Amino acid sequence: MTMLMSGLCEIRIASFRKALDKIMTKSSLLTLAAASAALALAIGAPRARAAGKTVVVTMTDKPPQYHPETLKIPVGTTVEWDNNAKTLHDVTTDASSAQNPADVKLPPGAKPFDSGFMQPGATFKYTFTAPGEYTYICIPHEKDHMVGHIIVTK
Ligand SMILES: [Cu+2]
């Protein structure tokens with residue numbers, strides 16, 4: 001393109017210049033459109049990330065606990081549980097897995113979730129899309145009251 005442009009300039013024929021101007025204008029508009037699209041994506045991306053923030057909850061052995069025990073988060077937030085302890089832990093809102101089904105709680109419209117047994121160093125993520133109050137437990141430590149609460153606001 002550059003070689004062609006310099007070639008045409010050297011010829012210095014007016015009609016060729018007009019044609020060249022037309023090509024340049026068209027390609028400039030295309031470049032502008034592409035730049036605008038890229039800018040829109042760049043602006044949109046951080047907003048999407050802000051809405052889908054990730055909050056970390058850690059797990060400990062002595063005593064078996066979630067930290068923090070209670071969280072208040074806006075809908076769309078992802079919670080990441082990190083098993084920083086030396087034994088197995090779990091995160092469940094599934095009443096059928098609990099020794100006492102009343103130990104877990106889900107808001108209307110929310111489906112139960114279960115991390116499965118998490119080895120030391122393991123992480124589990126869940127994105128909260130239904131607002132309301134959640135109470136989850138660790139199955140191996142249900143009797144030790146390893147329980148967490150999450151309030152998801154609209
Ligand atoms: Cu546990």
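What share of the 154 residues of the chain counts as buried? The figure is 16%, and it comes, like everything below, from a predicted model. Here is a friendly tour of the fold, its nonpolar core and two residues outside the buried class, E69 and D82.

**Overall fold**

- The chain's secondary structure comes to 2 helices and 7 strands.
- Reading from the N terminus, the order of elements is α-α-β-β-β-β-β-β-β, so you meet the helices before the strands.
- If you look at contacts between residues at least 6 apart in sequence, 66% of them join residues at least 24 apart.

**The largest nonpolar core**

- This core holds 15 residues, and the members that touch the most others are Y136, I137, C138 and I150.
- Three strands each supply at least two of its residues: β4 (78-83), β6 (132-137) and β7 (147-153).
- The top contributor is β6, which gives 3 residues.
- C138 is worth a click in your viewer: leaving aside residues up to four places away in sequence, C138 touches P64, H89, D90, V91 and M146.

**E69, in a loop**

- You will find E69 in the loop that runs between β2 (65-67) and β3 (70-74).
- E69 is classed as partly exposed because 13 other C-beta atoms lie within 10 Å, where 12 or fewer would make a residue exposed.
- Apart from residues up to four places away in sequence, the contacts of E69 are G148 and H149.
- E69 and Y136 are separated by 67 residues in sequence, while their C-alpha atoms are 10.0 Å apart in space. Y136 is also one of the core residues that touch the most other members.

**D82, in a strand**

- D82 belongs to strand β4, one of the strands that supply at least two residues of the core.
- Why is D82 partly exposed? D82 has 16 other C-beta atoms within 10 Å, whereas a buried residue needs 20 or more.
- The residues that D82 touches, not counting those up to four places away in sequence, are V56, T58, M59 and T123.
- D82 and H67 are 15 residues apart in sequence, with a C-alpha to C-alpha distance of 9.8 Å. H67 falls within the range of β2 (65-67), the strand before the loop that holds E69.

How values were computed
Residues are numbered from 1 along each chain as its sequence is written. This is a predicted model: local features need pLDDT of at least 70, side-chain atom pairs count only at pLDDT 80 or more; totals for chains, interfaces and linings use all residues. A nonpolar core is a set of buried Ala, Val, Leu, Ile, Met, Phe, Trp, Tyr and Cys residues joined through C-beta atoms within 7 Å. Helices (H or I, at least four residues) and strands (E, at least two) are DSSP runs, numbered from the N terminus. Two residues are in contact if their C-beta atoms, placed from the backbone, lie within 7 Å.
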